[in-house]
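Reader: Could you pick one part of this structure and take a close look at it with me? I'm new to this, so please go slowly and then show me what else is worth seeing around it.

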Amino acid sequence: MTRRRFAAALTGIALLATVLRALFPAADPPWRTTVGVVWHDEGAWVHNARNKALFGAWRLDEWNPIFIAPVFTGLEYLSFSTFGVGVRQARLVSELAGLASVILLALGVRRLGGDRAALIAGALLATNYVYVMYDRAAIMEALMAALIVASWYCSTRAERQPAWGVAAGLMATLGFFTKAAAAFYIGALGLAAVIRLAEAWKAGAGRSRPLESSLPRESDLLPDGGSYRYARGPAALWTLVGLAVSLAAVAIFFVLPHWSDYRFYNWQMSVERKPSYDLRSILVRVSWFPILHDTFTRMWTVLCLAIAGAWGIAARWRRATDGERLLLLWVTLGSLEMLIHDVGNERRYVFLIPAAVALASLVLARGTLLPAEAATVSRRRLFLLSPVVLFSAYVISGPIARLPFLYEVQMPARVAAACALLLAIGVIAAWPRWRSPLASRAWRPAIAIAVTAVLAAGDLVQFWQWAHDRTYKNYEASVALGAALPPGTLVQGKLANGLALENRIRPLFIGHEFGNYADRGQREDVRYILTYTVPWLGYEGSQIRDVLDAYPGWRIIMNFDVAETLGGHDTAALIEKRARH
């Protein structure tokens, strides 16, 4: 494929990605078939940026997510200060980040698998329904995932131009300070660099010749046309420098000056309040991982190909490029972080989607399920890895086993476990016969393109269904609230933040033992409360009921239709604490 044809094809994919992310920008996130986007989180997470844009100060109350997501907050403020405050402007950051991630993932995959793999990766990520919907929401997941993709892309470039390692480290740091859930990626990037440095040192690079050796020998070229071995040592070194310098800079200029707030938001609120970390709780999360949400079900074919791709990289670890190794560490450490910390929120799966797409694209473009090196793996080695084989089989089985039991967890977990056990036993038992066929060419490029087209079409159908039935309830409620209350009016409740983007009220976020929680029942200066009345009063959290109980004379003065649950009849109410007589 010529450069011009590749550029034209990638431009077409980028245009499609733009349309899917920018079309109907004020519409409600999916609620009939939800993907886990909580609409009222948007106003909460952009709170400090909105404060600064409208009222001139970052901090106006006790809810300050700037200490959790300073990069996200800064970019949201840039959008607000440039285009004004509103739902569309808030979502613009995620939309642009999502578009950038599509392009950068395609360009990174191109360096590993060629033009066809790059276009497959771009098409699959551009259209992935779950990923698109998070790219349309003003929450941190899209930006965090895009910065991880940007870091990975820089790593693929660093193999031939080592100085790009600095940018890889910087992007990883920015990803972490967009959302701390990206901590796993800093670990993955650092681990990949340390392993590569250790290999270079063991090979004598640290003694017999400098890491900066500028000319490769013929033996330094990979047979598959990959990057030069000689460049990997300095690339790893530059990556560690980029990580160390960027982390130190943020620590000096942001974390340490605000240590008390930073520690509270990123440890006490984000870790200590989360689920338990005992062995039983972790095992529960392991069983829930492929079953609790429908993310993996929606992209099951990509998931299966990605697992094959991950095993393929493991089989050729010594000959794998740094970009391939980082993909494997990305999905491995990212999944491990979720299993230890939390799988209860569907948004936590978003950062796995680009890596899964990249791995699947490499498999499709290669034309074989496994690389040639897999044919040399013995059954004994596979048996030693049987726990990992079993878990891989469970992740493959779970998204399908859950379909007959969508509102249950235990039964699909048992069915998936039984299927996984049979699949793992079958793979290990038949491995001597299967390994050569699985590592030999099995499909032509046209098949890979057809599979990609079918998968993208399936996601586009889901998008069309959402677009056809889209609603604007939350946007319209925010506009109506602005017409009812004058600028600067204080309003308590999470929904006050959720409905604040199309008006100038002053919302007071009340979390569970954080935010404006401590004085929630003593705010005599606040006249109004916003909360759900349908599905039930105080649906968003018990703490808002505490406020209502503290003011028994409250009355509903205005109702708004909002979109949250599957029923489609959700209602929020503007409540006056004490009716005037």
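**A loop, and then the helices**

Author: Let's start with Glu 513, which is exposed because its relative accessible area is 53%, and exposed means over 50%. Keep in mind that this is a predicted model. Glu 513 sits in the loop between β2 and β3. Have a look at its backbone too: phi is near 70°, a positive value in a residue other than glycine.

The same loop stretch has another residue to find. Arg 520 is also in the loop between β2 (506-508) and β3 (528-534). What is its salt-bridge partner? It is Asp 546, with the closest N and O atoms 3.2 Å apart. That pair links distant parts of the chain, since Asp 546 belongs to helix α24 (residues 542-550), 26 residues apart from Arg 520. Arg 520 is buried, with a relative accessible area of 17%, while Asp 546 is partly exposed at 31%.

Carry on past β3 and you reach something odd in the backbone. Val 534 and Pro 535 are joined by a cis peptide bond, with omega about 15°. Pro 535 itself is placed in the loop between β3 and α24.

Positive phi turns up elsewhere as well. Phe 24 has a phi of about 55°, although it is not a glycine. You'll find Phe 24 in the loop between α1 and α2 (41-45), where it is partly exposed with a relative accessible area of 24%.

Now for the helices. Find α6, residues 115-127. At 1.5 Å a residue, its 13 residues should span 18 Å, and the end C-alpha atoms are indeed 18 Å apart, so the numbers agree. Is α6 mostly covered or mostly open? Mostly covered: twelve of its 13 residues are buried. Among them are Asp 115, Leu 119, Gly 122 and Thr 127. What do they pack against? The buried residues of α6 pack against α1 (3-22), α5 (87-113), α7 (129-135), α15 (300-315), α17 (352-366) and α21 (445-468).

One of those neighbours, α17, gives you a nice detail to zoom in on. Ser 361 lies in α17 and counts as buried because its relative accessibility is 0%. Its side chain reaches the backbone nitrogen of Ala 121 at 3.2 Å. Leaving out residues up to four places away in sequence, Ser 361 touches Ala 117, Ile 120, Ala 121 and Leu 124. Now check that against α6: Ala 117, Ile 120, Ala 121 and Leu 124 are buried residues of that helix.

Another neighbour, α21, passes the ruler test too. Its 24 residues should span 34 Å at 1.5 Å a residue, and its end C-alpha atoms are 34 Å apart, which agrees. Its buried residues include Ala 448, Leu 455, Asp 459, Phe 463 and Trp 466. What covers the buried residues of α21 includes α1, α6, α7, α14 (295-298), α15 and α17.

Back to charged pairs for a moment. A search of the whole structure finds 19 salt bridges. One of them joins Asp 294 and Arg 298, with the closest N and O atoms 3.1 Å apart. Asp 294 counts as buried at 18%, and Arg 298 counts as partly exposed at 21%. The cut-off explains it, because buried means under 20%. Another salt bridge joins Arg 316 and Glu 373, at 3.6 Å between the closest N and O atoms. Arg 316 is in the loop between α15 and α16 (322-341) and Glu 373 in the loop between α17 and α18 (379-384), so the pair ties together parts 57 residues apart in sequence. Arg 316 is buried at 10%, whereas Glu 373 is partly exposed at 23%. There is also a network of salt bridges linking Arg 196, Glu 199, Asp 322 and Arg 325.

Last stop, the surface. Trp 300, Ile 400, Leu 403, Leu 406, Tyr 407 and Leu 566 make a nonpolar surface patch of about 640 Å². Leu 406 lies in the loop between α19 (386-401) and α20 (410-438) and is partly exposed, with a relative accessible area of 45%. Phe 55, in helix α3 (residues 47-55), is partly exposed as well, at 30%. Leaving aside neighbours within four places in sequence, Phe 55 is in contact with Arg 50, Leu 60, Arg 504, Ile 505 and Arg 506.

Notes: Residues are numbered from 1 along each chain as its sequence is written. This is a predicted model: local features need pLDDT of at least 70, side-chain atom pairs count only at pLDDT 80 or more; totals for chains, interfaces and linings use all residues. Side-chain values use heavy atoms; hydrogens and water are left out. Helices (H or I, at least four residues) and strands (E, at least two) are DSSP runs, numbered from the N terminus. The expected span of a helix is 1.5 Å times one less than its number of residues. Buried means under 20% relative accessible area, exposed over 50%, partly exposed in between (1.4 Å probe, protein chains only). Contact means heavy atoms within 4.5 Å. A polar contact is a pair of N or O atoms within 3.5 Å; within protein, one must be able to donate a hydrogen and the other to accept it, and residues adjacent in sequence count only if both atoms are side-chain atoms. Patches are made of residues with over 30% relative accessible area and no salt bridge: like charges are joined within 9 Å, nonpolar side chains (Val, Leu, Ile, Met, Phe, Trp, Tyr) within 5 Å. Accessible areas come from the Shrake-Rupley method with a 1.4 Å probe; for residues, only the protein chains shown count as cover. A salt bridge is a side-chain nitrogen of Lys or Arg within 4 Å of a carboxyl oxygen of Asp or Glu.
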